[in-house]
Every structure is written in C-alpha cells, then in structure tokens.
Amino acid sequence: MNVSQHRKRLAFLRCLQECINCFKDRKKLPECLCYVPSEVIYKCTSLCFLQVYSEPSVDSIRIRDLKGSTDSIVTVTGEEMCNSGGKWLKVVKFKANPSAEDIVFDTDAWILLFSCKTPAEDLLTLKEQPPSPPRNAPPKVAVNKWSEVVIHHFSLDLRKKNVHVVPPDITAVVKLQTLPSNWTIDHDEALVRLMSKHLSPENEQLGSIKTYVDAIEVSSYVEDYGASCLTDGDPDTYWESDGSQGRHWIKLKMKKGTIVKKLQIGVHSDDDNYLPSKITVKGGAEWHSRKVLNTINIDWDSNEAGMITVLENMTEHYLWITIKIEDCKCTGGIDTRIRELKLVSTEERTLGFDLDFFKAENLIRYPILETYKPEELYQRSQVLQRFIEIIDSVLYYIVPAWEYSIGSYSSLEYVRQLLPLSKRRLTLIETCLKESALKWPNMPKLFINRRLAMEHRCDPTADPECKNSVFMQIYEGLKPRDRTSKPLNYRWSSRYDQWWECKFISEGVIDQGGGFRDSMSDLAAELCPSASDCPVPLPFFIRSPNQFSEDSNINRDVYVPNPQCRDFPRYDWIGQLMGACLRGKENLVLSLPPFFWKKMVCERVTWERDFFTVDAATVKMIDTLETMESSEFSTVSRNWSCTLSDGSVVHVKLDGEGNAVPLKYDDRDRYCREVRRIRMTESDEQLNAIQTGLLKTIPQAVLDLLTWQELEQRISGDPEITIDALRLSTHYDDVEEKDTRVRYMWEALKNFSNEDRSRFLRFITGRRRLPASVHISSSRDNAIDCLPESSTCGNALYLPNYTSAKIAEEKIRYATYNCMDIDTDMNLWED
C-alpha cells in the first residue's frame, strides 16, 4: 500500500492503544490484528509432487498426491501451522495448468511448505504470489497481510477506497480472537515469560552476519570499541578487549539450524602486540561451549595480517560458538584487537514458536498454563507476537527522551510484562544508557573503618546517628570537599566498574576492585541484613511483617522502606547507587519484595497478589473481614485504625476524645478500602525519593521499558544461585573441569544452601549474587586439604587438592564464613 510512514505510524499507535484497552477489559483483540486471508496463491517453481494430508502431520491420512509443474497454481488459506515437522499450509484448490480443471478440497487438507529436517540449501517447491484485486473492478491495490490490514483499518488516509482487502478466513480469525476459557492478563504474562526464555533479541549491530547469528557477546571491551565494531564493515574500527591475559573471547549465538561453512576474523598489522597468536574455537548447545572445534597457532614471523580462517566446513549445528584468544603476539601483550568478523553459513528456516513448543514438559514452571491445550497456547502466542510487532514498530516514538521527558508513556504500564517479547527493547535500553553517559570523574579515595562498623552492627543503639556504619562513612566520604567540587553523578559508562577506591583502616590491602566490591557488599548488608536474628543497623529499611509470620510465605526475608524515616537525601543517594548498578556490572543486594520493585517501574500493583509479598497476614485478615457474615462479625472487636509495617498505628476515624471509632458491620467495606489505600501507600514518600535518585542516573525511558524482575536483577542480581547458574559463570584456568579437586568442589556446593553459595560467591568475587565471573585455578603450592584462597580483584579461587568431597565441603564452607576480611597478613585471602 502506498501509505506514508507518518500515517503507518499513526495507524500502529491507534491499534496499540485499542489493544491495550482490550487487555484491560478482557475483550477480544481487534479483528484486523487477528486477520487471516481466505486465499493465498502459491506457484510451483519446478516439477514436483505435493503430498496432501488430512492433518498437518506426515503420520496422518495421506489424501492424495498432486503433480505440479511451473504452470501449476496452489490456492491455500492464510491459516498456517508450524510444528516439529515443519511449516504447513491449508490447501483449498489446485490447478495443474491453465487449461486443467480445479481440484477442490472441501475438507481439511494440508501440504508441507518445507520441512525443518531437510537441508536448508534446498529450494522451496512453492513460491507465494502477490494478491490481485477482483476482475472487472476499478484499479485497486490488493493486500492480504495482517500488518497491511491494520494500517488500512486504523489509517486516516482518505484513499482507503483504492485498497482491496482479500476477504478474511472468518473461522481462522475467530480462532485467534477468541480468548481461552477463564483467560486473563496473568495468563498472557505467563505465556510471554515462557516464550521470552527462548527468544533472542534483535541485534541491529550484527551487520552482515545477522542472517545467521542471533547475538554476539565479548568478554570485555574498551569504551567505544565493543562487539559492534566487529560487524560494522569499517576496517578502521576494531574490538579491543579490556581484561586479564588469556581471558578474551567472542561468543556467537547461532540461529536455529545454521551450520558454519567458514568463519574468519580480520586483524591488521598496525595492531602489533594486540595480534592474537593462539586461538581456540569451541562449540556447544550451552553458553559455556565445551567441545574444541579447532586450535590455531599463528607464527607472526612467517604470517601476514589479514583474514584468518578459524573454522570451516562444519557438518553439525552448534547453538553457541566461542572464539577464545589464548595468547597474543608479544609475551607482554595483555589485550587483543580484532577488526572484522566474517561468516558463511547455511540459512535457517524459521518456524518460530511452533505447536510442539507448548507441550506439557515446557509448562512445568508455568502451572497457570498447564490446563490449556497446546493448540490454544499456540494460537494465543501468534496474537501476542503480532501485538509485540506493533509495539516494536513504534517503540522509538513512545518512550520519553532523556533530557526533556515530563513523564512516562503510561499506557505501557498495563502491558509491561508483555514487553520481554520485544526484539528492539533491549537495544533501545542500551542505547539510552550509552547516550546519557557522562565523562568519568576522578576516582575518590575513601578510608573505611570496618572494625567500628562491625561494633555498630552489634549494638546500633550506641551510635544512634549511624556515623560508624560503612553506609555513612561512604556517604560522608563522597561529599564534595569544597565549593568547586561536584558530587558524583553515577552516569558513566559500564566500562568503569569501580566507583571509588577503598582503604580499609587496619587492613592491609591495595584496592584494585575487590575492596570496592566488598564495601558495596558491606553497605547492602547494613541496609538489609540477611541474618534474621541480628538488629538492623540503619533506619532506611525495616523488616517486613512477613518476616514475623509463621506461615510458608516465600517472601519472609524481605525489607520495606521505613514509613517513619524522613531522611530523603539519603534515600535519594540509595536510588543513585541503584542506578549506577543498573548501568554497570556491580550489584547492590537489597532483599525487597516484588511490591517495591513493581512500584519503582510503575507497574500495576494489587492488594491480593502484590501487597501479599509485604504483609500476607493483613491481606488475609482484611479480605476475610470484607466477606464476613454479621453473626461472625459480632465476635470481632475492631476500631477504625490500622497498623503500619513499622508497628505504628494510624487512626482513620476519631471520636471527640481522640480515640478510634469502633467499626460497625455496615461500614466494613469502606473500612477495608481505606486500610488497603493506607497500607499500599505507607512508604510512598520514601519510595519516591529512591526513584528520584534512580532517575538522576538513568533515563526515564529505561525505567519505562524494564519489567520489575529485570530491574531487580540488574540492580540486586539473581537472588537464587543454582549449581547450573554457577557452572555457566565458571571458567577454568590451569585446571580441567574433570580434575578431582574441581569435582569435589561441585559435590560440596550441591550440599550448600542458597545462603552458603551466596557467601561462597562473595568470598571469590566480593559479590553476593550472580552474575559474576568465577575463575578456578590450582593452589599456588599444591597444598593438600587446606583452606582455599581467593583474589576478589581477579575473581579467582585457588583450590588445594582434597582427599574427599567431605573435606572439601568443610574447608570451603569454613573459608566462606570466616575469611571475609581482606588482610595481607592473612594467607587465606589475597587481593
């Protein structure tokens, strides 16, 4: 259709708003979004035999075979079916040649457009033809794509009469429009979470390799010399690593079904010591590729720089391919430079989320979906993907600008949990963060007395102003020294993963990153202590009522902002630290309930589902009171008052003497509404101060595009540390994974609790949550049955030899709980 880009954009925006209203009201989505043409024409490209089946499966009844030629026409409906066999079309009629009679199919009949099991180089037998307007009608533009029909329906273009929309397949449209039984937005959100786990984001910086590669990752990079420089086609740009020697890699996530024919890297002679001299290429089905596919040793005295082939003529598909640079040209060359990445591969055939993706075994973690048939989930997934395509088409125009924003695009609030399906969202988030970054300031040096801080933790009443806490020592130490100095703004690039340098008084340490990370861990431990039997040393967060409940609520370790704390400047600073973590690689591990994170990103919150994560007992009590019979209510003695999370009482209605008015049965509905309002807004002032600080550091657009789960993980890391997640984050330096000491370590970690693993991670990296890279090496003197050593600056664990898994467990657990001070006088921790 000849419609201007502005009109298309306006049409998609209007469609987006109507769809959001449909989600809110649990109505059918617009018919044009669910459009399926009643007729699509395919033409045979060569002599062929088309096998027609009663169902989209080669195991179903084979109705007949059709002999086709280059003159043959196949008419199908727009209804498609993708499953493990391939992509199927529902055939309506077949015409062998212009003079032959039509063969019409009155019952369901399916042909296989292509099989996902055949070689990708094979040409398709059928080729889709553009639609044509009816004969003997005025000249019109014919359309049969759902996106074109959306534009036609919602566009304000007065030339609509010049467009012919191919009539819809009413039955297929109704299938897509109809909501499954008892379906709500919660089901859509669960379906999106399932799908997003298997979705690769669209990477607009993949250049020429985007046909074969879903994503590209690098181990580290110097600012402005990241992964995009490998595929931008500019020979003057390059990826330059920025890490420890021998720990540089490029990872490619390949599209489904692709097989590498040739993989090359480009290097330039001007880079000299940055030239790689030993390269190992690995492949596998997991992110941590294990199988060695090739090893290349380059003698630069006899070789010239240029394109280096690192892999060719593969016969097997590998989901992940890793190019690891083991050594550089010069012995002292720590980092490497790669100018270009070239890839020749077979091309995939995209089936997307096929019917078999929604089988029962994939739904185990999503019980809300288990009662629905795979066909229902498949059809709903198609509609959701169309809706997300609408969002992606206008995403760049609905997010607020960094400097001039006056608020968020509130309509996205209701569908926030559907955004993980967006392919453009993460790229836009990273662009916003990069473009809003400021110049790196001079790194401040702080002197921290952790001995005094520990005394304060043990008895906070002795230091009521909290001056000795690590939190206050850092806060005061970062204040501008004079009128010409400016406070830190935390809006720098993620390249800078250390924001201040720590000097721990009475602890011999040179901070190269480990001391800083340890100060962040100490700060987080003061804000939200993990131990339930210790006092809370700072006033900013309090234990939620759930911590004092005896039920099985999983949110029994969370904290909430203190409703009585009015120290808003420091709440603001906490928000800035959270924003800095989101920008960088650091974590501020705060155990806060989903209710808090949802309000931070302005997602919708409910009393029953969300405030339940703060105070489950009150939620149950109020809900029970609201539905209570009058005979039961007479036994309840209750006033117009409620208790906040900090234990303070709010009187909602007072009598003449200042006492709470007794509650009457007929007033209970109004009372319950008032309690819900008070409790759900009790910490809003504190939360708003944190959010203000956060938005000083990141653009509003980033907050609008993140889900609450993503915000929590980017700031506080993943609260669950599983063995599988640890394995994905672990690298082996001078030991093999099958080494006995490594095997004993993993056996020991299987017996660790989540808190044990958190301490283990902190012992090595200074961080309490993933993501964090862990490097395993042998102990420096090949000691036997000794305590392990670690270096938080290098995220390294030095493992001794152990004579049994039991001894390994004892020694590792003791070290993680008792060797947390960084001290050069101790042989247990070296930094």
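Tryptophan 499 is buried in this predicted model, with a relative accessible area of 2%. What does tryptophan 499 pair with? Its aromatic partner is phenylalanine 516, and the two rings meet edge-to-face, 5.2 Å centre to centre with 65° between the planes. The tryptophan sits in the loop between helix 8 (470–477) and strand 22 (501–504), while phenylalanine 516 belongs to helix 9 (residues 514–527), so this contact ties together parts 17 residues apart in sequence. Phenylalanine 516 is buried too, at a relative accessible area of 0%.

That pair has company: searching the whole structure turns up 22 aromatic pairs. Take tyrosine 225 and tyrosine 238, which are stacked at 4.8 Å centre to centre and 15° between the planes. Both tyrosines come from the loop between strand 11 (213–218) and strand 12 (239–240), 13 residues apart. Are these two rings buried or exposed? Tyrosine 238 counts as buried because its relative accessible area is 12%, under the 20% cut-off. Tyrosine 225, at 30% relative accessibility, is partly exposed.

Elsewhere, Phe471, Tyr475, Phe540, Phe541, Tyr571 and Trp573 gather into one aromatic cluster. Rings also host charges here. Lysine 251 lies over the face of tryptophan 249, 4.7 Å from the ring centre, and arginine 727 does likewise over tryptophan 746, at 4.4 Å.

Now for the charges that pair with each other. The whole structure holds 45 salt bridges. Which parts of the chain does the bridge between aspartate 572 and lysine 696 link? The aspartate is in helix 10 (residues 568–583) and the lysine in helix 15 (residues 684–697), 124 residues apart, with the side chains meeting at 3.0 Å, N to O. Aspartate 572 is buried at 10% relative accessibility, whereas lysine 696 is partly exposed at 43%.

Arginine 741 and aspartate 739 make another salt bridge, their closest N and O atoms 3.2 Å apart. In this case the arginine is the buried partner, at 8% relative accessibility, and aspartate 739 is partly exposed, with a relative accessible area of 22%. Some bridges share partners: Asp186, Glu189, Lys598, Arg604, Arg609 and Asp610 are joined that way into one network.

Finally, look at aspartate 102 and lysine 95, whose salt bridge has its closest N and O atoms 3.4 Å apart. Aspartate 102 is partly exposed, with a relative accessible area of 37%, and lysine 95 is also partly exposed, at 26%.

Notes
Residues numbered from 1 in each chain as written. Predicted model: local features only at pLDDT ≥ 70, side-chain atom pairs only at ≥ 80, totals over all residues. Heavy atoms only, no water. Phe/Tyr/Trp six-rings, centres within 6.5 Å; stacked < 30°, edge-to-face > 60°. Helix = DSSP H or I, 4+ residues; strand = E, 2+ residues; numbered from the N terminus. Buried < 20%, exposed > 50% of the residue type's maximum accessible area, 1.4 Å probe, protein only. Lys NZ or Arg CZ within 6 Å of the ring centre and 35° of its normal. Salt bridge = Lys/Arg side-chain N within 4 Å of Asp/Glu carboxyl O.
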